Amino acid sequence: MPDGLEEGGHRRSGGDGPGAVAVGSTGAVGGESARPQVPAVSRSARRVWVAGLVVALVCAGGVSYYASTSPDGLEKVAHDKGIDSKAEEHAAKDSPLADYQVKDVADERISGGLAGVIGVGATLAAGTAVFVVVRRRRATPSAESA
């Protein structure tokens, strides 16, 4: 067996020299099968959440500024083949965020970025509401278990 590896291919903790002693959680000394307990690292989900939020806002508000204003491939093919001639206006055409733009903002790119930021906020609010409801349901004891 290679030096520094226990049975099953797991690494020993501590040094690999001849005088090395591995101390496990039960106080076992030497090459016994007791494994040392590694304290759990407390990682904050808040940091991950904030980082994800920042990335989403940068993509929606900043990167979208550089997105092409040309129609995408599906719209182009629909136009080239005449499929879009049958298209009808949708019910939300006069809404404040119709066509991924904020109504009454003159600059198309800024309007699109602002709509993206509003979309991220709305998605965050809806997602948070779902998680709060699910968490409260788990916290309250059910009538069946009583």
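**Note on a predicted three-helix chain**

1. Helix H3 provides nine residues to the lining of the second largest pocket, the largest share of that lining. The model is a predicted one. The volume of this pocket is about 260 Å³. Its lining consists of Trp49, Thr123, Leu124, Gly127, Thr128, Phe131, Val132, Val134, Arg135 and Arg138. Sorted by class, these residues are five nonpolar, three polar and two charged.

2. The overall fold can be put briefly. The chain holds three helices and zero strands, and along the sequence this reads as α-α-α. The chain has 146 residues, of which 8% count as buried. A residue is called buried when its relative accessible area is under 20%. The helices named in this note are H1, residues 45-62, H2, residues 73-80, and H3, residues 108-139.

3. The largest pocket encloses about 470 Å³ of space. Its lining has 16 residues, and those closest to the pocket centre are Ser68, Thr69, Asp99, Tyr100 and Gln101. Helix H3 again gives the largest share, here four residues. The class count for this lining is four nonpolar, seven polar and five charged residues.

4. Two of the residues closest to the centre of the largest pocket, Asp99 and Tyr100, deserve a separate look. Asp99 sits in the loop between H2 and H3, and Tyr100 is found in that loop too. What is the sign of phi in Asp99? The value is positive, near 55°, in a residue other than glycine. Tyr100 likewise has a positive phi, near 60°, and is not glycine either.

5. Are Asp99 and Tyr100 buried or exposed? Asp99 has a relative accessible area of 60%, so it is exposed. Tyr100 reaches 73% relative accessibility and therefore counts as exposed. The cut-off for this class is over 50%. Asp99 can also be placed relative to Ala115: the two are 16 residues apart in sequence, with 9.4 Å between their C-alpha atoms.

6. How many salt bridges does the count give? The total is one. It joins the side chains of Lys76 and Asp80, with 2.9 Å from N to O. Both partners belong to helix H2, and because they are four residues apart there, about one helical turn separates them. Lys76 has 46% relative accessibility and so counts as partly exposed. Asp80, with a relative accessible area of 48%, is partly exposed as well.

7. A nonpolar patch lies on the surface, with an area of about 450 Å². Trp49, Val50, Val54, Val58 and Val63 make up this patch. Val58 is located in helix H1. With a relative accessible area of 46%, Val58 is partly exposed. Membership of a patch calls for over 30% relative accessible area, so the value for Val58 passes that cut-off.

8. Trp49 links two of the points above. It is one of the residues of the nonpolar surface patch, and it is also among the lining residues of the second largest pocket. Asp99 likewise appears in more than one place: it is one of the residues closest to the centre of the largest pocket, and it is an exposed residue of the loop between H2 and H3.

Terms used
Residues numbered from 1 in each chain as written. Predicted model: local features only at pLDDT ≥ 70, side-chain atom pairs only at ≥ 80, totals over all residues. Heavy atoms only, no water. Patch = residues over 30% accessible without salt bridge, like charges linked within 9 Å, V, L, I, M, F, W, Y side chains within 5 Å. Areas by Shrake-Rupley, 256 points an atom, 1.4 Å probe, with all protein chains shown as cover. Salt bridge = Lys/Arg side-chain N within 4 Å of Asp/Glu carboxyl O. Helix = DSSP H or I, 4+ residues; strand = E, 2+ residues; numbered from the N terminus. Buried < 20%, exposed > 50% of the residue type's maximum accessible area, 1.4 Å probe, protein only. 1 Å grid on protein atoms, 1.4 Å probe; cavity = no way out; pocket = protein on both sides within 12 Å on 5 of 7 lines; lining within 4 Å. Points joined across faces, edges and corners; volume = space filled by probe spheres on them. Nonpolar A, V, L, I, M, F, W, Y, C, P; charged D, E, K, R; others polar.
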